[in-house]
Amino acid sequence: MNNPKAQKLIKKILEDLDHAGIITNTLLEDLKQLRPYAVEEKLPVVAKALRLTHEHLEETYTFDIPIPEDDPIEGEEEEFKKQEFSADESLMYLINLIKNSENEMNIEEIREYNEALQNYEY
């Protein structure tokens, strides 16, 4: 996201998460304020991620979505097990992806978050 106001808001969200973790009231308001910037910049994947994240936090009061796993390298037999994760770290990772959403690889990971959020069973 390129808008200076959006970048400032993203910085605030990341600092809040780093210092205090997920505080839903503040975070919900910040995500609501950030979404119109994504719409304005014509970033539908980002706008959807912000909406789904907002709805998820409103419902669960946490971010119960792990960081997407890398695909295994072909030929490697290593199995990926569902690992424990930090809700704060996963949400910070998503916000950092959004911060640098002009990167196509980041958009792909945001899509993975969107899919996980849509498939989450409450």
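The largest nonpolar core, a set of buried Ala, Val, Leu, Ile, Met, Phe, Trp, Tyr and Cys residues joined through side-chain atoms within 4.5 Å, has 34 residues, and those with the most contacts inside it are Met1, Phe63 and Ile98. The model is predicted, so local features need pLDDT of at least 70 and side-chain atom pairs count only at pLDDT 80 or more, while totals for chains, interfaces and linings use all residues. Residues are numbered from 1 along each chain as its sequence is written, and side-chain values use heavy atoms, with hydrogens and water left out.

Two or more residues of this core come from each of helix 1 (4-20), helix 2 (24-40), helix 3, helix 4 and helix 5, where helices are DSSP runs of H or I with at least four residues, numbered from the N terminus. Helix 3 gives the most, with seven residues.

The structure also holds two aromatic pairs, that is, rings of Phe, Tyr and Trp (its six-membered ring) with centres within 6.5 Å, counted as stacked with planes under 30 degrees apart, as edge-to-face over 60 and as tilted for the rest.

| Pair | Centre to centre | Between planes | Class |
|---|---|---|---|
| Phenylalanine 63 and tyrosine 113 | 6.0 Å | 35° | tilted |
| Tyrosine 120 and tyrosine 122 | 4.9 Å | 70° | edge-to-face |

Phenylalanine 63, in the loop between helix 3 (44-60) and helix 4 (87-99), is linked by its pair to tyrosine 113 in helix 5 (residues 104-119), 50 residues apart. Both phenylalanine 63 and tyrosine 113 are buried, meaning under 20% relative accessible area, with exposed over 50% and partly exposed in between (1.4 Å probe, protein chains only). Tyrosine 120 counts as partly exposed because its relative accessibility is 23%, whereas tyrosine 122, at 57%, counts as exposed.
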